[in-house]
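Work through the exercises below with the sequence and the coordinates at hand. Each task is followed by a solution in steps.

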Amino acid sequence: MLLCLFIVTHLIAGVLLHSCNHEHKDEFDDVQIGVVISPVMSNNMIREIGIYWKNPNIKIGDSVGLYNKDPNFNDALPIFKFTPDIPHGFRKTGISADFIPTSKLSFSKKCLGYYVAWIRDDVVKKTNCLSTNPSWMGDRRKTLEHLKMRDIFLPGTHDSAAYAKHKNSQLELIVDKYTITQDEDVLAQLIYGARYLDIRIGRYPNHEHTFWGNHGPFRIVPLKTVINAVKYFLDKTDEIIIFDVQEFPVGFKTMAAHYELTDYLEKEFAHYLLPRPANGWKITLEDIWNSNRRLIIGYDYASVVASRTCVWPQVGHQWGNVRTIGALYKHLNKVETQAAEESFNPNPSSQPRAAMAQLTPTTFDVIFDRLGGLRKMAENVDINITEWYNEEWQHTANVVAVDFLKATGIVETAIEWNDKRAAGC
Ligand SMILES: *[C@@H]1O[C@H](CO)[C@@H](O)[C@H](O)[C@H]1NC(C)=O
């Protein structure tokens, strides 16, 4: 009550009203419901639609429906319906979402053909849809601009360049099962709302493309492809991106190799990258926007950062190296609890940190395919990550980097809590 006297209204893609004033709360304000897309592929299924929900005031007779048009239209009929019997949970639908090529995605927020609704007494009480979020930061410039990158909840992708976008289900080789971490290319990841990219680079001087996006020793996609996607997105939007070069798994034995890479990045991202300012990560979003350079390149090698102003100190990765969901919870709880303590005694450099929200297989897990591959592992934790960041760590979250972005609700969660933080909740 004392903190939350503000009602902040945003007019974004319809009406999004956030109020922290508990006295005038609608009973459905806190209900969450959303559509996610499974990363798991099998012979007869790809992109299976899942629905997550949270409704502490669930009543007998309530139902949840999946629709392929806006459920508020009178003639909308559900294509799948079920009766939730617990206050929060997750349900797979057996329905496969259509393939959407990245070229069909646009730069304004849009529902992509799948909607969910909470129904009580035949009345639609709350809806949501599978949505893009290409402009969420720029749309909130007024409420975010006084903040630093360290202060906002920023959805990100882990190993962003290790992607494979398949139209049809296919059998994966064991290498793919343990190297592919994303099912959308980098442009689509950004359009869906990620603003933090975790990039690992391999250097292959004898190859047509010298630099590649890698996962460990495996090269996945030419770095040039990733760079072009980032530039195209920045051209079309007013968003801010962290391009964080985190690992150098192949071809970086010498300082000369690092300087070759930073020179290449500087040339490719000329007019896009923001040179590191004197106050470093303490810069506000307002100053970033005013500079009209909305790309920050992090570089995980201090001696390179010391001699090149085109790169910034990297975002600190917080790894659990855990293989079970319980251990992942413990790891994330530890880093977020620590962040809450530090908020009384802030990090002097304001360097952002990334909670790495995925399981990590051991070598033997990979050799014996014990955990079923990264897709299966992500499916098992992605829903829980969303729930945890909605209910426990929403006040402290900074960057949260996930595998298979659309299998989580992390983008919606981050946007919602950035609004609530701005409103003093
Ligand atoms: C993960 O989420 C599922 C579905 O909501 C739930 O049944 C399970 O208990 C959760 N696990 C943990 C460790 O929170």
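**Exercise 1: a helix and its geometry**

Task: For helix 11, compare the span from first to last C-alpha with the expected span, locate the bend, and decide whether the helix is largely enclosed or not.

Solution. The model is a predicted one.
Step 1: Helix 11 has 18 residues, and its first and last C-alpha atoms are 25 Å apart, close to the 26 Å expected at 1.5 Å a residue.
Step 2: At V381 the helix bends by about 30°.
Step 3: A residue counts as buried under 20% relative accessible area. Of the 18 residues of helix 11, 13 are buried, so the rest of the structure largely encloses this helix.

**Exercise 2: the ligand shell**

Task: List the residues around the ligand, sort them by class, and name the element that gives the most to the shell.

Solution.
Step 1: G89, N384, E387 and W388 are the residues around the ligand. The protein covers 49% of the 370 Å² of accessible area that the ligand has on its own.
Step 2: By class, the shell holds one nonpolar, two polar and one charged residue.
Step 3: Helix 11 (residues 374-391) gives the most, with three residues.
Step 4: For N384, an N or O atom of the side chain is 2.5 Å from an oxygen atom of the ligand.

**Exercise 3: two strand residues**

Task: Are N214 and I51 buried or exposed, and in which strands are N214 and I51 found?

Solution.
Step 1: N214 is in strand 12 (residues 211-215), and I51 is in strand 4 (residues 48-54).
Step 2: The cut-off for buried is under 20% relative accessible area. N214 has 0% relative accessibility and therefore counts as buried. I51, at 0% relative accessibility, also counts as buried.
Step 3: The side chain of N214 has a polar contact with the side chain of Y204, at 2.9 Å.
Step 4: From I51 to N228 the separation is 177 residues in sequence and 34 Å in space, C-alpha to C-alpha.

**Exercise 4: positive phi in loops**

Task: What is the phi of D122 and of N292, and where do D122 and N292 lie?

Solution.
Step 1: Most residues other than glycine have a negative phi.
Step 2: D122, which is not a glycine, has a positive phi near 65°. The loop that holds D122 runs between strand 8 (111-120) and strand 9 (123-131).
Step 3: N292 is not a glycine either, and its phi is positive, about 60°. N292 is in the loop between helix 7 (285-291) and strand 15 (295-299).
Step 4: Exposed means over 50% relative accessible area. D122 is exposed at 76%, and N292 is exposed at 55%.

Technical notes
Residues numbered from 1 in each chain as written. Predicted model: local features only at pLDDT ≥ 70, side-chain atom pairs only at ≥ 80, totals over all residues. Heavy atoms only, no water. Near = heavy atom within 4 Å. Polar contact = N/O pair within 3.5 Å; in protein donor to acceptor, adjacent residues only side chain to side chain. Areas by Shrake-Rupley, 256 points an atom, 1.4 Å probe, with all protein chains shown as cover. Helix = DSSP H or I, 4+ residues; strand = E, 2+ residues; numbered from the N terminus. Nonpolar A, V, L, I, M, F, W, Y, C, P; charged D, E, K, R; others polar. Expected span 1.5 Å × (residues − 1). Bend = angle between axes of the 7 residues up to and from the residue. Buried < 20%, exposed > 50% of the residue type's maximum accessible area, 1.4 Å probe, protein only.
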